[in-house]
Amino acid sequence: MKKIIALGGSNSKESINKKLALYTAQQLVDVEVLSIDLKEYELPLYSIDRENEEGVPELALQLNQIFKEADGFVVSLAEHNGSYSVGFKNTFDWLSRIEKEVWKGKPMFLMATSPGARGGQTVLETAKMSFPHLGAKIAASFSLPQFFTNFSDESGIQEEDLKQSFDKQLALFKNEIH
């Protein structure tokens, strides 16, 4: 059975990106979904001095091993001031110090959402450009605007055009992992 990691790019306990990533992964059949909560992998602020003096934190090494064992990723990024959230960026920085190919060449469904009308499009575009250089095989991407209007915990994506767009992208990702 394929192992899929669902990761919300935020360390908020109420992360809407974690909700979207987990919802998306749960739409897949015949997979084992592992939900990664960045709050469980809080790492010291990355610096070369800290790395040279203390080495790579054990939690980063553990997360890297989990990534190695996965068959694919569903990642939904939070956007803070047009970029990655600090919690995600710090984790990502530590992981890139272990292995440059953070994403291990495995298929990814890359997403973003926010309460706003752009749905995290800026951070999504940034990730689409940079993640392939770090081992991501982006099979699909999707932006969900106005999360609290367009998403329901009970039934998922509400707006029909967005749902159709999401379903098309999900099908692309399914084809890559099966």
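# A tour from Pro57 outward

Start by selecting Pro57, which sits in the loop between α2 and α3. The model on screen is a predicted one. Pro57 has a relative accessibility of 17%, and therefore counts as buried, the cut-off being under 20%. Leaving aside residues up to four places away in sequence, Pro57 touches Leu43, Pro44 and Trp94. Show those three as sticks; Trp94 will come up again in α4.

**The whole chain**

Zoom out before going on. The secondary structure of the chain comes to seven helices and nine strands. How far does the C-alpha trace of the chain span along its principal axes? The figures are about 55 × 35 × 30 Å. A compact globule of 178 residues would have a radius of gyration near 16 Å, and the chain agrees with this, at 16 Å. Of the 178 residues, 48% are buried. Now take the contacts between residues at least 6 apart in sequence: 78% of them join residues at least 24 apart.

**Helix α3**

Select residues 58–69, which form helix α3. The helix has twelve residues, so at 1.5 Å a residue it should span 16 Å; the C-alpha atoms at its ends are 17 Å apart, in agreement. Colour Ala60, Leu63, Asn64, Ile66 and Phe67, the buried residues of α3. Looking down the axis of α3, these buried residues fall within an arc of 160 degrees, so they line one face of the helix. The spacing follows a general rule. An α-helix has 3.6 residues a turn, so residues three or four places apart point the same way.

What do the buried residues of α3 pack against? Their partners are the strands β1 (2–9), β2 (31–36), β3 (72–77) and β6 (106–113), together with helix α4 (86–98).

**Strand β1 and its neighbours**

Next select β1, residues 2–9. Six of its eight residues are buried, so β1 is largely enclosed by the rest of the structure. β1 runs parallel to β2, and six bridges join the two. To follow the path between them, trace the chain from β1 through helix α1 (residues 16–26) to β2; this β-α-β crossover is right-handed.

β1 also pairs with β3, again in the parallel sense and over six bridges. Ile4 is a convenient residue to pick here. Its bridge partner in β2 is Val33, and in β3 Ile4 stands opposite Gly72.

**Helix α4**

Move to α4, residues 86–98. Which residues of α4 are buried? They are Gly87, Phe88, Asn90, Thr91, Phe92, Trp94 and Leu95. Trp94 is one of the residues that Pro57 touches. The buried residues of α4 pack against β1, α2 (48–54), α3, β3 and β5 (83–84). At 1.5 Å a residue, the 13 residues of α4 should span 18 Å, and with its end C-alpha atoms 19 Å apart the helix agrees with that.

**Two loop residues with positive phi**

Most residues other than glycine have a negative phi. Two stops in loops depart from this.

Select Asn81, in the loop between β4 (79–80) and β5. Phi of Asn81 is near 50 degrees, a positive value. Is Asn81 buried or exposed? Asn81 is exposed, with a relative accessible area of 86%. Draw a distance from its C-alpha atom to that of Pro57: the two residues are 24 apart along the chain, and the separation is 27 Å.

Then select Lys104, in the loop between α4 and β6. Its phi is near 60 degrees, also positive. Unlike the exposed Asn81, Lys104 is buried, with a relative accessible area of 15%.

**Helix α5**

Select residues 121–130, helix α5, and colour its buried residues Val123, Leu124 and Ala127. Seen down the helix axis, they fall within an arc of 105 degrees, so they line one face of α5. What covers them includes the strands β3, β4, β5, β6 and β7 (136–144).

**Last stop: Asp161**

Finish at helix α7, residues 160–177, and select Asp161 there. Asp161 is exposed, with a relative accessible area of 55%. Add Ser85 to the selection: Asp161 and Ser85 are 76 residues apart along the chain, and their C-alpha atoms are separated by 28 Å.

Notes: Residues numbered from 1 in each chain as written. Predicted model: local features only at pLDDT ≥ 70, side-chain atom pairs only at ≥ 80, totals over all residues. Heavy atoms only, no water. Helix = DSSP H or I, 4+ residues; strand = E, 2+ residues; numbered from the N terminus. Expected span 1.5 Å × (residues − 1). Buried < 20%, exposed > 50% of the residue type's maximum accessible area, 1.4 Å probe, protein only. Arc of directions from axis to C-beta. Contact = heavy atoms within 4.5 Å. Pairing = 2+ DSSP bridges. Right-handed = clockwise from strand over helix to strand, strands pointing away. Rg over C-alpha atoms; globule rule 2.2 N^0.38 Å.
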